[in-house]
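Dear colleague,

Please find below the structure that I am handing over to you. After it I set out what was found, topic by topic.

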Amino acid sequence: MPPWLALALVTLAGVASAAQGAANGELGTRVGHATLAAVVNNLGGTLLVVLGLAVLPSMRTGLAALRRQRLPWWSYLGGLGGAAIVVLGAYLVPALGVAVFTIAQVAGGSLGGLAVDRAGLAPVGRLALTGPRIAGGLIGVAAVALAQLGQPVGELAVGLVLLAVAGGVAVALQTALNGRISAASSAAAGVAVNFAVATPAVLLVAALAGALAGPDSGWPTAWYLYTGGLLGVAIVAGLVVGVRAAGVLRTGLALVAGQLGGALLLDALLPGGPGARPAVLAGAALTLLAVVVAGRAPRRSARHHGRPVG
């Protein structure tokens with residue numbers, strides 16, 4: 001797939017990520033259990049994967065090829081990052097708002113991306129810590145602080161933001177590890193492995209939280225509240241396609257662009273939402289600056305070292 005097309009798909013996956021967080025957050029509020037919304041999300045995605053296995057020979061072929069690769073066991077754990085962000089999003093989006101949650105997640109993704117690149121966990125291999133990469137991560141953290149202006153600054157607010165940042169780190173790990181799976185077999189196999197790992201983790205969290213007993217007052221009838229699984233499949237598929245075609249860094253930047261656009265739009269348009277608050281808009285603009293600054297590093301590295309990087 002041409003890199004420009006892959007990055008366009010990743011950008012759409014970012015918009016889907018913002019919509020997924022909003023849908024899961026509202027569903028969790030209505031059923032009275034945030035983790036129950038995460039269960040619905042992952043079971044929906046898993047059902048789609050099972051359907052894909054039944055009708056797509058390429059998915060079955062990819063899984064068979066993956067078994068022959070004998071990758072390290074930790075390569076298969078990317079789905080845990082997806083489970084973490086789905087559970088955290090279900091709790092945090094109603095409290096922080098879609099935009100603030102997404103900006104905090106972006107900051108965590110920037111810091112996590114630095115660590116993932118340095119460790120060489122993604123298919124593109126080890127990437128050095130450069131000045132622009134570090135600057136981009138720090139600017140992302142500053143964006144989170146700026147976006148919180150005017151909001152409560154007690155321990156609870158700070159803790160929620162830090163949890164969202166941790167979710168961003170989990171997404172960086174998820175992207176890198178699922179990219180390894182996809183590079184060893186196929187994008188469809190990467191999606192299947194992601195949900196095979198993520199769904200049991202979400203079910204375990206829900207069981208520990210006592211959410212599997214069902215909703216407090218019945219299931220809501222609004223159809224869009226149950227689209228999290230479909231959106232999740234689109235997100236994971238976009239990431240594994242982007243990583244293989246354009247590298248980890250460019251894929252992350254495209255995802256951020258879609259998340260910011262979708263999150264700000266949802267905050268402004270959703271009934272009862274916080275609206276396009278100036279502090280959030282400023283934080284979004286600063287995060288875009290972080291995206292630009294961090295994105296310059298791989299192009300300079302490619303010229304200096306004479307090899308393509310992500």
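Which residues does A201 touch, if residues up to four places away in sequence are not counted? The answer is L80 and A83. Please bear in mind throughout that this is a predicted model. A201 itself is placed in helix α8. In space, the C-alpha atoms of A201 and G79 are 8.7 Å apart, although 122 residues separate the two in sequence.

The next topic is the empty space inside the protein. In general, such space is found by rolling a probe the size of a water molecule over the atoms. In this structure there are two cavities of 30 Å³ or more. The second largest cavity holds about 320 Å³ of space. Its lining is made up of 29 residues, and S17, Q20, I85, V86 and I235 are the closest to its centre. Eight helices are worth finding in the picture here, as each gives two or more residues to this lining: α1 (3–31), α2 (34–55), α4 (78–96), α5 (98–119), α7 (155–184), α8 (187–208), α9 (228–246) and α10 (248–269). Helix α4 gives the most, with seven residues. As to the character of the lining of the second largest cavity, 15 of its residues are nonpolar and 14 are polar, while none is charged.

I turn now to the nonpolar cores. The largest of them has 47 residues, and within it L92, L96, F101 and I103 have the most contacts. Helix α4 again deserves attention, since it gives the most to this core, with eight residues. There is also a second core, separate from the largest, which has 16 residues. Among them are V49, V191, V233 and V241.

Finally, there is the matter of aromatic rings. How many aromatic pairs does a search of the whole structure find? It finds one. The pair is formed by W223 and Y224, whose ring centres are 6.2 Å apart. Why is this pair edge-to-face? The planes of the two rings stand at 90 degrees, and planes over 60 degrees apart count as edge-to-face. The two partners can also be described by their accessibility. W223 has a relative accessibility of 65% and therefore counts as exposed, as the cut-off is over 50%. Y224 has 34%, which lies between the limits of 20% and 50%, so Y224 counts as partly exposed.

With kind regards

Definitions and conventions:
Residues numbered from 1 in each chain as written. Predicted model: local features only at pLDDT ≥ 70, side-chain atom pairs only at ≥ 80, totals over all residues. Heavy atoms only, no water. 1 Å grid on protein atoms, 1.4 Å probe; cavity = no way out; pocket = protein on both sides within 12 Å on 5 of 7 lines; lining within 4 Å. Points joined across faces, edges and corners; volume = space filled by probe spheres on them. Helix = DSSP H or I, 4+ residues; strand = E, 2+ residues; numbered from the N terminus. Nonpolar A, V, L, I, M, F, W, Y, C, P; charged D, E, K, R; others polar. Phe/Tyr/Trp six-rings, centres within 6.5 Å; stacked < 30°, edge-to-face > 60°. Buried < 20%, exposed > 50% of the residue type's maximum accessible area, 1.4 Å probe, protein only. Contact = heavy atoms within 4.5 Å. Core = buried A, V, L, I, M, F, W, Y, C linked by side-chain atoms within 4.5 Å.
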